[in-house]
Amino acid sequence: MKYVKGLKCRECGREYPVEPIYVCEFCFGPLEVIYDYAKIKKALSRRIIEKRPKNLWRYKELLPIDGEPSAGLNSGFTPLVKTERLAKYLGVKELYIKDDTVAHPTLSFKDRVVAVALTKAKEFGFDTVACASTGNLAHAVSAHGAKAGFNRFIFIPATLEQSKILASIVYEPNLVAVDGNYDDVNRLCSEIANKYRWAFVNINIRPFYAEGSKTMGFEIVEQLGWEAPDSIVVPCASGSLLTKVWKALKEFQQIGILKEVETKIYGSQATGCSPISTAFKNGTDVIRPIKPNTIAKSLAIGNPADGFYALQAVKESGGAMEDVSDEEIIDAIKILARTEGIFAETAGGVTLATYIKLLKDGKIDKRDSTVLCITGNGLKTAEVLNGQTAEVYQIKPNLSSFEEILKRIRQKEGK
Amino acid sequence: MSEVKKLRVRLTFPQELIKEPVLFRMAKKYDVMPNIRRARVTDTFGEMILELEGLEENLDKGINSLREQGVVVELIEGDIIE
């Protein structure tokens, strides 16, 4: 059963058949997948979803595939953690963490989008998948692509740190380090995507790939007992995740799974790369590209492809955008770890720090039920905590040395 | 030998360049053919979505000259590296 009607230009509205294309031939606007919601409404219900395996494909009618899924069969349906110690620490009533730090198999929300991209790539008949990435996307394409049996080309800037390379190269893709700056890598990849018949997940497969992010929104609603929260805070790199979480809520409303959506969507960025937040604060819809300078590398997109649309989603929902400093990001990572036992990467620190700022400014109510989208695991960016963590107690291998330290610890804890 | 290439870009003009024929001058000087698809101008900035076609070497020179004048030149795909 096919539920996808086709592709539609977000700018001029021109429609296209389902093909590996991403840009309108006329106005160069981005293409978006459109669905037959009347048909989906008849085929999908809360009860049907609940009976399915706990992975992101339980919402498959709302994802852009024609047949059965062939990648990411264990991805998605990550925990929605109701915080107690963090909520108490912040003095708020109802706070949840959507915990993609434990996404399968590569510990970030990119496992969702890549699962959808690779299933679609297989339907299109591609044998090679590719991406350009400095981290999470490279890991996800390398791993999912290995499992699905694709040839894989991963492009990275030659200056990338060894730890980031390792989490991709272990899956043995063709890892190509480009000796050039960020702009050079972007331009080369665009040229390669237009020349070779490969599934470049975030170029020619982008309209399909991006739809995978909706599953985070679907899961939040289902895990809250089929209710949309008052507020959701989403980190913004290209802005795509935020637009898709918003689209997910509206789609659930459209097919009758949700009666109404009054959720406010809040976007979070690092101040060192905040083109969308800056536009929001300046009251303009023009996203000015910037050169990123932040520790939150997974959000460091200076020219965000979906920035304009993320801004629209935030405004339409009645939410806001905010950005936070590198110090605030590190503090937030530590707060989340010591209160809830969740170790988030820098993007997670951005999201929690933004929530704290929005609370202080009264932009989010303390009585609101709020979900924070925590999109990646802290082990991926552990180096940012060098010299920033709590003390390690060094002792000699005898009891008196231990008890001396124990006394100090108890004094510190006020016991 | 340089080959003919097409590049789809987004140009953002600062306020002080809005009234200048920046694109025409670049196209003429470097023999680059612009094909404009979308544009808008407000009181503070100008934005143009277009295709540039020309010899690779000329495209590079043309884009550099736009950047030197203060025009922001970006691929329409946005940043691809994620």
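**A friendly note on the sheets and helices of chains A and B**

1. A good place to begin is chain A, where strand β6 (residues 128-132) and strand β9 run parallel and are joined by 2 bridges. Within this pair, Val129(A) has Ala199(A) of β9(A) opposite. Please keep in mind as you look around that this is a predicted model.

2. That pair belongs to an open sheet of 4 strands in chain A, with parallel pairing and the order β8-β7-β6-β9. At its edges are β8 (174-178) and β9 (199-200) of chain A, each pairing on one side only. As general background, the strands of a sheet pair through backbone hydrogen bonds, either parallel or antiparallel.

3. Still in chain A, look for helix α5 (residues 136-148), which lies across β6 and β7 (151-157). The direction of α5(A) is at about 165° to that of β7(A).

4. Now turn to chain B. Here too you will find an open sheet of 4 strands, but its pairing is antiparallel and its order is β2-β3-β1-β4. The edge strands, β2 (33-41) and β4 (72-75) of chain B, each pair on one side only. On average, neighbouring strands of this sheet are turned by 25° against each other, direction ignored.

5. Inside the chain B sheet, follow strand β1 (residues 4-14) and strand β3 (residues 45-55): they run antiparallel, and 11 bridges join them. A handy landmark on this pair is Val9(B), which stands opposite Leu50(B) in β3(B).

6. What lies across β1, β3 and β4 of chain B? Helix α2 (residues 56-68) of chain B does, running at about 160° to β3(B).

7. Helix α2(B) also has a helical partner. Helix α1 (residues 22-30) of chain B packs with α2(B) at an angle of about 150°, and their axes are 10 Å apart. Angles over 145 degrees count as roughly antiparallel, so α1(B) and α2(B) are roughly antiparallel to each other. The crossing in which α1(B) passes α2(B) is right-handed.

8. Which residues bring the two helices together? On the α1(B) side they are Val22(B), Met26(B) and Tyr30(B), and these meet Asn58(B), Lys61(B), Gly62(B), Ser65(B) and Leu66(B) in α2(B). Sorted by character, the residues of this contact comprise 4 nonpolar, 3 polar and 1 charged.

Notes: Residues numbered from 1 in each chain as written. Chains lettered and ligands numbered in written order. Predicted model: local features only at pLDDT ≥ 70, side-chain atom pairs only at ≥ 80, totals over all residues. Pairing = 2+ DSSP bridges. Axes fitted to C-alpha atoms, helices over the stretch in contact; angles between N-to-C directions. Contact = placed C-beta atoms within 7 Å. Parallel < 35°, antiparallel > 145°, perpendicular 65-115°, else oblique. Left-handed = near helix turned anticlockwise from the far one by under 90°. Nonpolar A, V, L, I, M, F, W, Y, C, P; charged D, E, K, R; others polar.
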